[in-house]
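I opened this entry to look up where the ligand sits, what surrounds it, and how the open space in the model is lined.

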Amino acid sequence: MNSVNTPSSIRVLEERSGQVWTKGSGKEFSCDKKSAAGSVTQRACAFCGSRVVLYPIADALHIVHGPIGCAVYNWDIRGSLSSGPQLNRNSFSTDLAEKEVIFGGEKKLKASLIELIHYYRPKATFVYSTCIVGLIGDDVEAVCKQVTKETGIDCIQVDSPGFKGTKKSGYQAACEAAYKLVGTGDTSGISPYSINLLGEFNIAGEAWMIRGYFEKIGIQVVSTITGDGRVDDLRRCHGAKLNLVQCSGSMTHLSKLLKDNYGIPMERVSFFGFEDTARAIYTAAEHFGDPELLRRAEELVREEISLYAPKLKQYKKRLKGKKAALYVGGAFKAFSLVLALRALGMKTVLAGTQTGSAEDYEQLKEICDQGTVIVDDSNPLELAKFVLEKDVDLFIGGVKERPIAFKLGVAFCDHNHERKIPLAGFEGMLHFAEEVANSACSPVWKFAPRRQVKALRLPGSDESANQDPGTLASKGGAA
Amino acid sequence: MNICKGNPDTLTTTGERTEGPLPAAATRNACKLCTPLGAAMVFKGVRGCLPFLHGSQGCATYIRRYMISHFREPVDIASSSFSEDDAIFGGAKNFAQGVDNVIHQYAPELIGVATTCLSETIGDNMLGMIKTYQDKHCGDGPPLVHVSTPAYTGTHSDGYYSAIRELIKAFAQPTRITQPRMVNILPAMMSCADLRHLREICALYELEATILPDYSSTLEGGSWECYHRISPGGTSLDEISEMATAAATLEIGHTQAVDKDSAGSWLERERGVRCDALGWPIGIRLSDQFFAAMATASNRPMPAILADERGRLVDAYVDAHKYVSGKRAAIFGEPDLVVGLAAFMSEIGVRPVICATGSKVKKWKELLASEIEGGTADVEILSDADHAKLAEAARTLKPDIILGSSKGYPLARELKIPLVRIGFPIHDRIGAQRMLSVGYRGTLELFDRVANALLESRQDDSATGYSYL
Ligand code: SF4
Ligand code: SF4
């Protein structure tokens, strides 16, 4: 039978052994490598990275140049909200056919762009090149230039063929593309106390909550490019006085460009969990050094925490001592999650990311407990192995990780771009606790074969069935 | 904050409706997926098989993600993870390394290799690479089967049928033996419940069936006590190798019927197994045809259970005919599904005013015309369509109901009409795998869904709030 009865029978691929590490083992750790062929990585491609970053710009036209798949798999699957235009929720593609792959797709791209721009009147257009285009050598840049000239609408190439690397290279390409618009807008009316919120994706309206905090204490938010983004905000974001970068992977490059060329300082923050949210607000307030601002920040934090903290208690009681595994895209999210889970009385026993850097992992190692397994660019088999070995009660990840948890009778919390519940900010922490508790404490897990205790044997099954290997895997096998 | 509720497709960024000539060059909200997805789905229906996409890893990851959101089951698809160098110099090294790793991790009984746009375009010689790999390992290890699936020549539907054909070509051994109670069923892209029902039907006719693919348990399995590297279930390689011994092949899907190079016609031509090319058995007429073919293949009359089911279906048609009759439907999805649904709709008195598919299909108009009662002069038939074209037609023709995948939801919401979910992908509802729609029983379930959707919308629209309809 093609099954794994004990977790130890899943072996980590040799090429990957450096990317799996246990705190306290003293072993070397490696990361920042391309995925091993055949390893069934959970990572997507560079194109995916560029889409993630730019597509929330809601009044831009986003068109994918290539065969259809790359575009259609991305059609309106994310939970990022717009308060106005919804153009970004469409999937536009040149949908190259065989003859264009052979003779080149420039003509079709140009015709598509001209028509779409006239029809939808976007504020700007982003053209994503996918693998095939990188290969057949279409001069996308030249087409973009021509179209910009003919239509008067900025048409920008995003150079992100999937094979160029991981999501990270896509982030870089997206930042380069976005930067082309920076500095082209009017900065009048920007306050000396002003910020850009970078790498906040407005999943389920989170950016609106966070923007609210800052406005309440008197800090102007000039742009939230990656969530409820607008082209005009991007054009004038160089007028802001500070960049707060949340998803560091995706937006570090843009903030670096803003620093080098406009001297805007940057601070890395996170809005996940009470602690991190409070710290982020203080960081901004302290940056501007106005005592009044700081006072208002303290007041806000006090108010919010006193509003939500008492409500957390009921969940904490239920979750105390439970074990969690997490596998997420970027490292910053992982740090925040470890802390937030700890705040709920839970222990993180497995933590991994798709794209963490050496620096990120150092930090992750530090905040994790002894014995925690840390993985880079993992795959379903490895994740299943550790879920079983560590006997976890909760898994936090995205769509591709969900069935691993569910099949093994483990609770799951969606923490990627597709979720529909806001988990950021003070209020978000309450949602998070609620979601985790509702899943982890659901009575359904008692029916999961792996969890079945004697009293719950299947009706009519005999005693010997108690010795099923699955039970061994979850209990006896736990290291 | 107010969130703009309009349909994203019809609005400019300033919020006005757009006017002027419709964009024609670009695809706007495609009504299809790419070819390797179909192939991967078939490979998931073979026992112990791991799908492997030769190309960049993004394609595999996206396809996994999409299938997981529909089936809500693990879908592991390996990739040779091309980097820039491989795209330039060829992917042979990555392929070999990828296969090694897959064998090491998954111990598969078969590796189903599908190409992607990238590997097709650089012209990687898949067969050659497979042979080299196998020679080097002296034939040890699992067999590898290859299907060519550049997405720029077809859709997921094409990938699906091609993969069935390649599996049969590779493994259905020539033989002199015929097993009179054996039948091959080559289903279109159905739900897991549909596949299970086909098996049940075969048992009723006392036939032993090889269903290829059969992902009914690999993509809808129970809860696991231990971790399966590859989900249990599926058609075994032994079964495929015996397909040439069957008394007949029932091949489901209208476009298959007109395809000279379909899996069924290949089995007939090369292995002498008679092929019955059939439509998708939805509705009474198409189900009747299917059951007639079963009767011929088995030399048995229709079992009483099925005759009863047919009776109940006719009765249900009668009970609810007033609620559905005269209504107008928009149907979209895989080409064969649309033909089946159009036949069904027209036999209950619903006019299929729009039939749309993202595939380019030979003779699709004729196929639809053969199944829609009263001709198709007033039916908007859109092949090679996208959702923008479908939406334009629907805004003009104002159907009462939409039948298709979850991707029809924005349109249904805009037009304030119900969407009956069927096809792939269904990612905004639970239970896509369990939706039964083939045979008399499946039709009955689907019919109830359609009638109730219409009743519900009538209730929602009424000022009175009738609680008794
Ligand atoms: S490159 Fe081709 S195979 Fe890959 S996702 Fe795009 S369309 Fe599909
Ligand atoms: S890897 Fe390339 S072809 Fe595949 S989805 Fe990404 S961009 Fe598209």
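I looked first at ligand 1, which in this predicted model lies between chains A and B. The space that ligand 1 takes up is the largest cavity.

I then listed the surroundings of ligand 1, and found that chain A contributes Pro67(A), Gly69(A) and Cys70(A), while chain B contributes Cys34(B), Pro36(B), Cys59(B), Thr116(B), Cys117(B) and Ala151(B). Sorted by class, this shell holds 7 nonpolar and 2 polar residues, with no charged residues.

I turned next to the largest pocket, for which I noted a volume of about 1,400 Å³. Its lining counts 43 residues, and those closest to the centre of the pocket are Asp76(A), Arg78(A), Glu418(A), Lys420(A) and Asp428(B). The elements that give two or more residues to this lining are α16 (402-407), β15 (411-414) and α17 (425-440) in chain A, along with α2 (57-71) and α17 (409-415) in chain B. I recorded α17(B) as the source of the largest share, with 4 residues. By class, I have 18 charged, 15 nonpolar and 10 polar residues in the lining of the largest pocket.

Last, I looked up the overall form of chain A, whose secondary structure comes to 18 helices and 15 strands. The C-alpha trace of chain A spans about 80 × 65 × 45 Å along its principal axes, and 63% of its 479 residues count as buried. For a chain of 479 residues, a compact globule would have a radius of gyration near 23 Å, so the 24 Å of chain A agrees with that expectation.

Conventions: Residues are numbered from 1 along each chain as its sequence is written. Chains are lettered from A and ligands numbered from 1 in the order in which they are written. This is a predicted model: local features need pLDDT of at least 70, side-chain atom pairs count only at pLDDT 80 or more; totals for chains, interfaces and linings use all residues. Side-chain values use heavy atoms; hydrogens and water are left out. On a 1 Å grid over the protein atoms alone, a cavity is a set of points where a 1.4 Å probe fits but cannot get out, and a pocket is an open set with protein on both sides within 12 Å along at least five of seven lines; lining residues have an atom within 4 Å of a point. Grid points are joined across faces, edges and corners, and a volume is the space filled by probe spheres set on the points. Ala, Val, Leu, Ile, Met, Phe, Trp, Tyr, Cys and Pro count as nonpolar, Asp, Glu, Lys and Arg as charged, and the others, Gly among them, as polar. A residue is near a molecule or strand if one of its heavy atoms lies within 4 Å of it. A molecule sits in a cavity or pocket if more than half of its atoms lie within 2 Å of its grid points. The radius of gyration is taken over C-alpha atoms; the globule rule is 2.2 Å times the number of residues to the power 0.38. Buried means under 20% relative accessible area, exposed over 50%, partly exposed in between (1.4 Å probe, protein chains only).
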